[in-house]
Amino acid sequence: MSLLQIKGLTASYGVSQALFGVDLDIAAGEVVALMGRNGMGKSTTVKAICRMISATGTLRFDGHDLHMLQSHKAARLGLGLVPEGRRCFRDLTVAENLLATSRAGPWDMQAVCALFPRLGERQGQISASLSGGEQQMLAIGRALMTNPRLLILDEATEGLAPIIRQEIWAAITRLKRDTDMAILLIDKTVSELAQVCDRAVVLERGKTVWSGAMAALTPDVSERYVGV
Amino acid sequence: MTRETTFNAVLLLGLIAVPTWALIMDQPFTITLATRAVILALAAAGLNIALGIGGLVSLGHAVFFGIGGYAMGILAHHAQSYSPLMDWPFVIEGTKFMPVIWLVASVVSALAALVIGILSLRTTGAYFIMITLAFGQMFYYFAISWSAYGGEDGMSIYVRNDFPGLNTLAPIQFYGLCLAMLVIVLIFSARLRKSPFGLALNAARQVPARLDAVGLNPVRLKLVAFVISGVITGLAGALFADLNRFVSPTMFSWQFSGEIMVLVILGGVGRLFGPVAGAVTFVALEHFLGGLTEFWHIFLGVILLAVVLFARGGITGLVAGKEASHD
């Protein structure tokens, strides 16, 4: 049974329709890539899942109809979002950022610091003074501290130095290997997605146009819809 | 020890030393001034939780100050006139016992803060300020029209209320009681800001939308903070009424709400001892400049302007640096 079930999802920003029929299923423990060019509706889909915008169509998480829930209640079901642009709580230290959002479960401060040792070294540092890569690790750690069943990473490696990108991809690989957490990844680096994802879903103009095993994503499909 | 901790310790030791200094210098009036500063600091410490941690710019906190004052005034009035507060369906007598007065002041302030908060927190920014201001005015005019308790003239209480084991009419003992209350509230504030609730509230001030996405309801967090804040300011109101042995509708006035906010801004918004630094400075200016001219608020305005423009961490930030500021 799917953990997240989306069928025929549509959403609009005022009069501008952004999603025209997104279909996406994620099972527990599965790692899925949500792909597409800029402006094709990937982040809007994430916002709809997290109930940050209203949408129509089937949108269920673990059997619950997400349309019926406010965003904080949807998150409490086990949705962990790492948003585009990180948005750490700038006035709080690394430890405080993590504690502010923590919920009971296997992911605690120790586990997060084991995944990202840099955060462990900078626990007392104000998050505004972290580098972009460290802030991204903090954003992932903060989402993990809510002990989600589905972790959503929206452009988690965008604009980061190659060495930091490697660290983040290594962390995602560890999450896949060591936990039964489902992961939805939005990223433009197909080569890295191919190494970690089980399946891919491709959006074009707000609609699902391709869905299948990651290994089946041929270069022509990738080039046609993702541009790489 | 950080500079801020040192500054806080010096401030606290200074307050503890006031009675000794007043006795040595033979200036007992100083104790009453310091009591006023401590009670105002308590009121501002309440607002500092809503404003400093939660970012709630409330221009209606005088409501809670007034409720605390009137809780004391009404209960003491009925106790001194030997008339029951209520005789149907059951009899409720007045009291001059401070702990009971504080309990009533806290409960009524909490209920008022809950109702005001539920309605006000549906808005943000300028609208939140205006709604809290409107509530303040509603309570102010209600108190003016409440002739049973003095209306516009207010109400005098002849003898200060009692606290077990203390002679509250002795200025030093009443000062000690108020200072103890302030210390308890400051310890509570320090623990609150480091607790998961305090951290989440701080986060809600910074990026409310982000908090929603991690399963926390920023409005509920702010409502709880607003209620806690109201209770503390209500307690300060009860003590203030006991200090003056007088309550009047001015305790509800929007000017007083502004004054509490000035104390927080002057001392340092979000700083643990900011309200204390602000209140001590305010009362000192009021005393010394007020002795020179009745227009001393002009100088206060200039100082406030300088703080907002050049020292956004307030006096605490100016002395202790910016490391923990929330400006």
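**A guided reading of chains A and B**

Chain A contains nine helices and 10 strands. The model shown above is a predicted one, and the paragraphs below lead from the overall form of chain A to its strands, then to a pair of helices in chain B, and finally to the place where the two chains touch.

Consider first the overall form of chain A. Along its principal axes, the C-alpha trace of this chain spans about 45 × 40 × 35 Å. A compact globule of 228 residues would be expected to have a radius of gyration near 17 Å, and chain A agrees with this expectation because its own value is 17 Å. Of the 228 residues in the chain, 46% count as buried. Contacts between residues that are far apart in the sequence are also present: among the contacts in chain A with a separation of 6 or more, 67% are accounted for by residues 24 or more positions apart.

The strands of chain A may be approached through β4(A). Strand β1, residues 2–13 of chain A, runs antiparallel to strand β4, residues 55–61 of chain A, and six bridges join the two. Within this pairing, Thr10(A) has Thr56(A) of β4(A) as its bridge partner. Strand β4(A) is also joined by two bridges to strand β5, residues 64–65 of chain A, again in an antiparallel arrangement. Here Phe61(A) has His64(A) of β5(A) as its bridge partner. Together β4(A) and β5(A) form a hairpin with two residues between them, and Asp62(A) in the turn has a positive phi of about 50°.

Chain B offers an example of helix packing. Two packed helices are described by the angle between their axes and the distance between the axes. Helix α2 of chain B, residues 29–53, packs against helix α10 of chain B, residues 254–267, at an angle of about 75°, with the axes 9 Å apart. Angles of 65 to 115 degrees count as roughly perpendicular, and α2(B) and α10(B) are therefore roughly perpendicular to each other. On the side of α2(B), the residues making the contact include Leu40(B), Ala43(B) and Leu47(B), while those of α10(B) include Ile260(B) and Val264(B). The residues of this contact divide into nine nonpolar, two polar and no charged.

It remains to describe how the chains meet. In all, 20 residues of chain A are in contact with 15 residues of chain B. On the side of chain A, the elements giving two or more residues are α2 (71–76) and α3 (94–100). The largest share, four residues, comes from α2(A). The residues on this side of chain A comprise eight nonpolar, five polar and seven charged.

Definitions and conventions
Residues numbered from 1 in each chain as written. Chains lettered and ligands numbered in written order. Predicted model: local features only at pLDDT ≥ 70, side-chain atom pairs only at ≥ 80, totals over all residues. Contact = placed C-beta atoms within 7 Å. Nonpolar A, V, L, I, M, F, W, Y, C, P; charged D, E, K, R; others polar. Rg over C-alpha atoms; globule rule 2.2 N^0.38 Å. Buried ≥ 20, exposed ≤ 12 C-beta atoms within 10 Å, placed from the backbone. Axes fitted to C-alpha atoms, helices over the stretch in contact; angles between N-to-C directions. Parallel < 35°, antiparallel > 145°, perpendicular 65-115°, else oblique. Pairing = 2+ DSSP bridges.
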